[in-house]
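Here are my notes for you to read alongside the model. Go through them with the structure open, and look up each residue as it comes up.

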Amino acid sequence: MPDPYYDKLLRCRDAVAQLSGGFEPRLALVLGSGLGSVAETMDVRARVPYSEVEGMPVSTVPGHAGQFLFGYIGGTPVVCMQGRLHYYEGYDVHDVVLPTRIMGLLGAKTLFLTNAAGGLDPAMETPSLMVISDHILLHFPNPLVGPNLDELGPRFPDMSAVYDADIRALLKKRGLEMGLPMSEGVYVQLTGPSFETPTEVRLLGRMGGGAVGMSTACEAVAARHMGMRVCGISCITNKGAGISQHALTHEEVVEAGNLIGPRFSALVTSAIPEIDRL
Ligand code: HPA
């Protein structure tokens with residue numbers, strides 16, 4: 001019997017392919033907070049709002065519907081997610097990773113993830129960028145729970161090298177050349193939407209985490225399951241609760257993201273053709 005989720009995935013993939021005019025991306029990019037200007041430098045050939053794809057989860061947040069952008073960044077054919085789905089919005093985790101899987105099935109070989117995150121190391125500058133070396137997904141549902149989609153990948157996929165080492169080295173080198181405040185570390189995904197308590201921040205730091213946020217790791221797991229190459233950068237918009245001397249707000253996150261956003265976008269834009277050649 002066909003799996004209803006896999007069936008939906010294929011139908012969404014077909015609809016997106018048709019609406020994009022058959023565009024074949026080699027790289028998939030997920031735009032987190034502050035990365036809006038990537039879309040401005042992209043040679044956009046097609047826009048596919050999620051709302052036009054039958055079966056796609058519809059955003060619960062008014063004005064944050066989201067869309068796929070298809071086009072070229074420095075000659076590389078790219079699909080961008082402008083607006084991602086978050087578990088805290090109430091989606092099932094399988095729906096959260098549906099767009100990632102669609103982009104993989106459309107042909108993207110590499111997934112480039114970006115996000116805004118809180119810094120767990122008191123020495124971290126804000127805003128700054130952290131190349132993701134690994135992740136912790138222990139306090140969040142694994143997106144591979146449920147019947148395995150054998151068509152995509154194995155039941156028990158290896159996660160010993162989720163974030164590609166060559167791409168990480170390239171991103172760090174390129175960021176430092178551009179004079180950006182760069183670090184490398186482990187990203188911890190929690191469900192949100194509340195920010196962490198100071199005790200949680202201390203715990204996550206002692207566990208080996210470098211940054212904490214509410215996205216990304218589950219998308220990375222779904223992408224590795226289907227054999228995609230994965231890389232990611234966190235924009236450290238604030239110090240974690242308790243390290244920060246004041247209460248955290250979403251506005252602070254957005255402001256810090258906007259502050260470093262254009263330089264973050266420049267790094268991502270210039271790195272993509274090089275990643276594509278690796
Ligand atoms: N915690 C969780 N998610 C976040 C944070 C944070 O401090 N900053 C930006 N996204």
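1. Let's start at the ligand. One of its nitrogen atoms is 3.4 Å from a polar backbone atom of G118, and a ligand nitrogen is also 3.4 Å from a polar backbone atom of A116. Then there is E196, which takes part through its side chain: an N or O atom there is 2.8 Å from a nitrogen atom of the ligand. How much of the ligand's accessible area does the protein cover? On its own the ligand has 260 Å², and the protein covers 95% of that. Bear in mind while you read that this is a predicted model.

2. Now look at who surrounds the ligand. The residues around it are A116, A117, G118, F195, E196, V212, G213, M214, T237, N238, L248 and V253. Sorted by class, seven are nonpolar, four are polar and one is charged. Which strands each supply at least two residues of this shell? They are β5 (110–119), β8 (211–213) and β9 (229–239). With three residues, β5 gives the largest share.

3. Stay with strand β9 for a moment, since S234 sits in it. Is S234 buried or exposed? Its relative accessible area is 0%, so S234 counts as buried. The S234 side chain has a partner too: it makes a polar contact with the side chain of N115, at 2.8 Å.

4. Helix α4 (residues 98–105) deserves a look. Seven of its eight residues are buried, so the helix is largely enclosed by the rest of the structure. The buried ones are L98, P99, T100, R101, I102, M103 and G104. Just after α4 you'll meet G107, which takes a positive phi of about 120°.

5. On to charges. Side chains of opposite charge can pair when their charged atoms come close. How many salt bridges does the structure hold? There are 11. One of them joins the side chains of D95 and K8, at 2.9 Å from N to O. This pair ties together distant parts of the chain: D95 is in helix α3 (residues 93–96) and K8 is in helix α1 (residues 4–19), 87 residues apart. Both D95 and K8 are buried.

6. Another salt bridge runs between E219 and R84, whose closest N and O atoms are 3.0 Å apart. Here too distant parts of the chain are linked: E219 belongs to helix α7 (residues 217–225), R84 lies in the loop between β4 (76–82) and α3, and the two are 135 residues apart. E219 is buried, with a relative accessible area of 2%. R84 is buried as well, at 10%.

7. For a salt bridge in another setting, try R45 and D43, where the closest N and O atoms are 2.8 Å apart. R45 is exposed, with a relative accessible area of 54%, while D43 is partly exposed at 36%. Also find K173, R174, E177 and E274, which are linked in a network of salt bridges.

8. Next, the backbone. Most residues other than glycine have a negative phi, and most peptide bonds are trans. With that in mind, which peptide bond has an omega near -10°? The one from T126 to P127, and it is cis. You'll find P127 in the loop between β5 and β6 (128–136). The bond from G192 to P193 is cis too, with omega near 0°, and P193 is placed in the loop between β7 (182–189) and α6.

9. T216 is worth a pause. It isn't a glycine, yet it has a positive phi of about 80°. T216 lies in the loop between β8 and α7. With a relative accessible area of 0%, T216 is buried.

10. Last, go to the surface. Which residues make a nonpolar patch of about 300 Å²? L138, L203 and M207 do. Of these, L203 is found in helix α6 (residues 198–206). L203 is partly exposed, with a relative accessible area of 48%.

Conventions: Residues numbered from 1 in each chain as written. Predicted model: local features only at pLDDT ≥ 70, side-chain atom pairs only at ≥ 80, totals over all residues. Heavy atoms only, no water. Buried < 20%, exposed > 50% of the residue type's maximum accessible area, 1.4 Å probe, protein only. Helix = DSSP H or I, 4+ residues; strand = E, 2+ residues; numbered from the N terminus. Patch = residues over 30% accessible without salt bridge, like charges linked within 9 Å, V, L, I, M, F, W, Y side chains within 5 Å. Areas by Shrake-Rupley, 256 points an atom, 1.4 Å probe, with all protein chains shown as cover. Salt bridge = Lys/Arg side-chain N within 4 Å of Asp/Glu carboxyl O. Near = heavy atom within 4 Å. Polar contact = N/O pair within 3.5 Å; in protein donor to acceptor, adjacent residues only side chain to side chain. Nonpolar A, V, L, I, M, F, W, Y, C, P; charged D, E, K, R; others polar.
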